[in-house]
Amino acid sequence: MKLILLGPPGAGKGTQANYIKSKYNIVQLSTGDMLRTAVNSMSELGLKANEIMKSGGLVDDDIIISMIEERLSKSSDCQNGFILDGFPRTLKQAKALDIMLSKLNKSLDSVIHIKVEEDLLVRRISGRFTCDECGEGYNDYYKKTKIDGICDKCGNDSFIRRADDNEKTFSLRVRSYIEQTEPLIPFYDKKKLLKTIDGSLEFKEVKDSIDAILDKL
Ligand code: AMP
């Protein structure tokens, strides 16, 4: 199964990808996670990407394309399938992905567009935090820890918030999404791959809509 999850920041792509990867035993390829790992390790790529990510802009297409190409072509874990989360984000990336996949004799099964209105995204983004130990996700508005300051899943007491999850950077990230990523919607619609679902619903309802799409593949 080869999928793209498309949607604005805060649409729930990461959360749903996490669910899909366990259910179908396929890998989640999140360019945002790959970049954050590079930033934390202070590699050359990380240093370059850090400022751009903090500003809410998009990292250079060529850097991102080679990062994904390397992952798709060299790693055996993608053989079973993959979910692209946060990639492609521009038409140039989408066209490069087509070329990459055709070289590998692969094709996409579906592009799931998780649609959410902007006012809801602000609350989702500015409230979100994750456990530093097990990565469980929480939100100040929607999903607090049962005991204040303690992770429900592993009992750890330290949490992280993404540096770019604040209202100022958020509006720039949404602008990047509208200007550079939304053109992918008609691009994949023309290829008859696009399925749009309502991402403003609760996790389980969104998950059910995704399952209904995936069950038909
Ligand atoms: P995400 O975790 O997907 O929200 O990504 C966090 C940030 O990483 C984005 O705001 C961009 O600065 C950068 N980024 C992630 N994926 C891409 C991509 N496909 N193209 C360009 N920049 C990206």
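Two strands count as paired here if DSSP finds at least two bridges between them. By that yardstick, in this predicted model, strand β1 (residues 2-6) pairs with β4, the two running parallel and joined by four bridges. One residue-level link in this pairing is L6, whose bridge partner in β4 is H113.

Strand β4 also pairs with strand β8 (residues 194-198), again in the parallel sense, this time over five bridges. H113 turns up here too, with T196 as its bridge partner in β8. So H113 has a bridge partner in β1, namely L6, and another in β8, T196. As for burial, five of the six residues of β4 (residues 110-115) fall under the 20% relative accessible area that defines buried, so the strand is largely enclosed by the rest of the structure.

Turning to the ligand, 16 residues surround it, and the closest are T31, G57, G86, R89 and Q93. Helix α2 (residues 31-40) supplies the largest share of this shell, with four residues. Sorted by class, the shell holds six nonpolar, five polar and five charged residues.

Some of the polar contacts to the ligand come from the backbone. A backbone N or O atom of G57 sits 2.6 Å from a ligand oxygen atom, while a backbone N or O atom of G86 is found 2.9 Å from a nitrogen atom of the ligand. R162 uses its side chain instead, placing a polar atom 3.0 Å from an oxygen atom of the ligand. Taken on its own, the ligand has 480 Å² of accessible area, and the protein covers 96% of that.

Note on methods
Residues are numbered from 1 along each chain as its sequence is written. This is a predicted model: local features need pLDDT of at least 70, side-chain atom pairs count only at pLDDT 80 or more; totals for chains, interfaces and linings use all residues. Side-chain values use heavy atoms; hydrogens and water are left out. Buried means under 20% relative accessible area, exposed over 50%, partly exposed in between (1.4 Å probe, protein chains only). A residue is near a molecule or strand if one of its heavy atoms lies within 4 Å of it. A polar contact is a pair of N or O atoms within 3.5 Å; within protein, one must be able to donate a hydrogen and the other to accept it, and residues adjacent in sequence count only if both atoms are side-chain atoms. Accessible areas come from the Shrake-Rupley method with a 1.4 Å probe; for residues, only the protein chains shown count as cover. Ala, Val, Leu, Ile, Met, Phe, Trp, Tyr, Cys and Pro count as nonpolar, Asp, Glu, Lys and Arg as charged, and the others, Gly among them, as polar.
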